[in-house]
Amino acid sequence: MISITKLLCDSDNFGDSLRYSSGSRGQVHGTVAGRGPVVVWNTTRTCNLKCIHCYSNSDHKKYEGELNTVEAKQFIEDLADFKVPVILFSGGEPLIRPDFFELVTYAKKFGIRSTVSTNGTLITGEVAQKLKAAGVGYVGISLDGIGENNDRFRGHQGAFEAALRGIRNCIAVGQRVGLRFTINRHNYQELNDIFDLVEKENIPRVCFYHLVYSGRGEEMIDQDISHAETRAALDLIIERTLDFHKRGLQKEILTVDNHADAVYLYLKLLKSDPARAEKVMELLQHNGGNRTGIAIGEVDWYGNVHPDQFTQNHTFGNVRERKFGEIWTDMTHPILAGLKDRKPLLKGRCASCRWLSICNGNFRARAEAVSGDFWESDPACYLTDEEIGIEA
């Protein structure tokens, strides 16, 4: 996750302390010294929508064998023991889970910050108030287009208006909320419209996700945008972020799942504002690039531990059998051990890239989906050979 606002405008938001602190540099098992990773917990696979890019391949049906309330609370206690700073409650649709608010309250009791990733369609005014009262730190609501385009992508007519109502309901009660947008061939031309929506609806935060080929998303490899289109998308995101800042609009703009963005932004600043570029490089070196398997991990509905939510084909253990902290620090699994120090294992363009210290090999799930090799180059890296220091 790359804070465009932080890098361009030196903003200060909660997540920046985990991403760009000097204490984050060189960590092996967590976010900063003495802390575990951010844990994405897919609390249920059940969902009321059927999105065409869903990494968990969710559907509107009940899945047997999910962690029950007692097991879930023990899992939360184990995360607290490992000093996990944040749980991201995800799904499926996490608000479908009957004990959702009970578990969020339990996490708060142990000092863990709760955030929620949701499609937003179930957030009535009452639910928004309950989220606020439960102490949820942030609610991320997914939109993947404007109006009918979003509904087609989400597999449900009326999903756009329902999600927008969810955002409005959160804002109305003072619940911190933001928009999540996955860039793909069918919606990237609506980026300007999304920025307009963010301004019109007074939405304080937006995360632009690059497509990851996982779950049903594997079927969308040919629906990703080209490298040239990705560069144009980043140019627009940078331009609109700076425009918000110049006009005094307090918006947090982030991009997610492609660390080439950090290098691209740095190289642009190097030409236009070398002094700022120097400060940005320092922040990026603290961050260290992709930290899947280090500062972020995922636990699915069955209790299986994975590198992240997009890499569920690699499992390191199950929290029903061992504590999360024991699994996360066990170096006997070659993928988990490799992710802790992946640079010697990377192949292709990634292995030769001069920006490896601030990218860390980008996203392994995409590399494996396209090449079959977990350590191959990420095909979504849009930097040229010249930019990454490879001679023609």
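Two residues are taken to be in contact when heavy atoms of theirs lie within 4.5 Å of each other. With this meaning of contact, the packing of the predicted model can be described element by element.

Helix α3, formed by residues 69-81, has 13 residues. The distance from its first C-alpha to its last is 19 Å, close to the 18 Å expected at 1.5 Å a residue. Ala 72, Phe 75, Ile 76, Asp 78, Leu 79 and Ala 80 are buried in α3. The cover over these buried residues includes the strands β2, β3 and β9 (296-299), together with the helices α4 (100-109) and α12 (324-328). In an α-helix there are 3.6 residues a turn, so residues three or four places apart point the same way.

Helix α9 has 20 residues, 227-246. At 1.5 Å a residue the helix should span 28 Å, and its end C-alpha atoms are 29 Å apart, which agrees. The buried residues of α9 are Glu 229, Thr 230, Ala 233, Leu 234, Leu 236, Ile 237, Ile 238, Arg 240, Thr 241 and Phe 244. These residues pack against three helices, namely α1 (4-9), α8 (191-200) and α10 (260-272), and against the strands β6 (177-183), β7 (205-210) and β8 (252-256). Just after α9, Gly 248 adopts a positive phi of about 75°.

Within helix α8 lies Leu 197. Because its relative accessible area is 10%, and buried means under 20%, Leu 197 is counted as buried. Apart from neighbours within four places in sequence, Leu 197 is in contact with Leu 143, Ile 146, Phe 160, Leu 164, Leu 179 and Ile 203. Of these partners, Leu 164 is 33 residues away from Leu 197 in sequence, while the C-alpha atoms of the two are 9.9 Å apart in space.

The strands were examined next. Strands of a sheet pair through backbone hydrogen bonds, in either the parallel or the antiparallel sense. The model contains an open sheet of eleven strands with mixed pairing, in the order β1-β8-β7-β6-β5-β4-β3-β2-β9-β10-β11. At the edges stand β1 (2-3) and β11 (317-318); each has a single partner strand, so one side of each is left without a neighbour in the sheet. The pairing of β1 with β8 is antiparallel and runs over two bridges. Here Ile 2 is placed opposite Thr 255 of β8.

Enclosed spaces were also identified, and three cavities of 30 Å³ or more were counted. The largest cavity has a volume of about 790 Å³. Its lining comprises 36 residues, and those nearest its centre are Met 1, Arg 19, Val 38, Leu 88 and Ile 296. Two or more lining residues are given by each of α2 (16-19), β2 (38-42), β3 (86-90), β4 (113-118), β5 (138-142), β7 and β8. The largest share, four residues, comes from β4. By class, this lining consists of 16 nonpolar, eleven polar and nine charged residues.

The largest pocket has a volume of about 280 Å³. It is lined by 18 residues, of which Gly 26, Gln 27, Gly 288, Lys 343 and Asn 360 are the closest to its centre. Helix α11 (residues 274-287) provides the largest share of this lining, three residues. The lining of the pocket divides into two nonpolar, ten polar and six charged residues.

Note on methods: Residues numbered from 1 in each chain as written. Predicted model: local features only at pLDDT ≥ 70, side-chain atom pairs only at ≥ 80, totals over all residues. Heavy atoms only, no water. Expected span 1.5 Å × (residues − 1). Buried < 20%, exposed > 50% of the residue type's maximum accessible area, 1.4 Å probe, protein only. 1 Å grid on protein atoms, 1.4 Å probe; cavity = no way out; pocket = protein on both sides within 12 Å on 5 of 7 lines; lining within 4 Å. Points joined across faces, edges and corners; volume = space filled by probe spheres on them. Nonpolar A, V, L, I, M, F, W, Y, C, P; charged D, E, K, R; others polar. Pairing = 2+ DSSP bridges.
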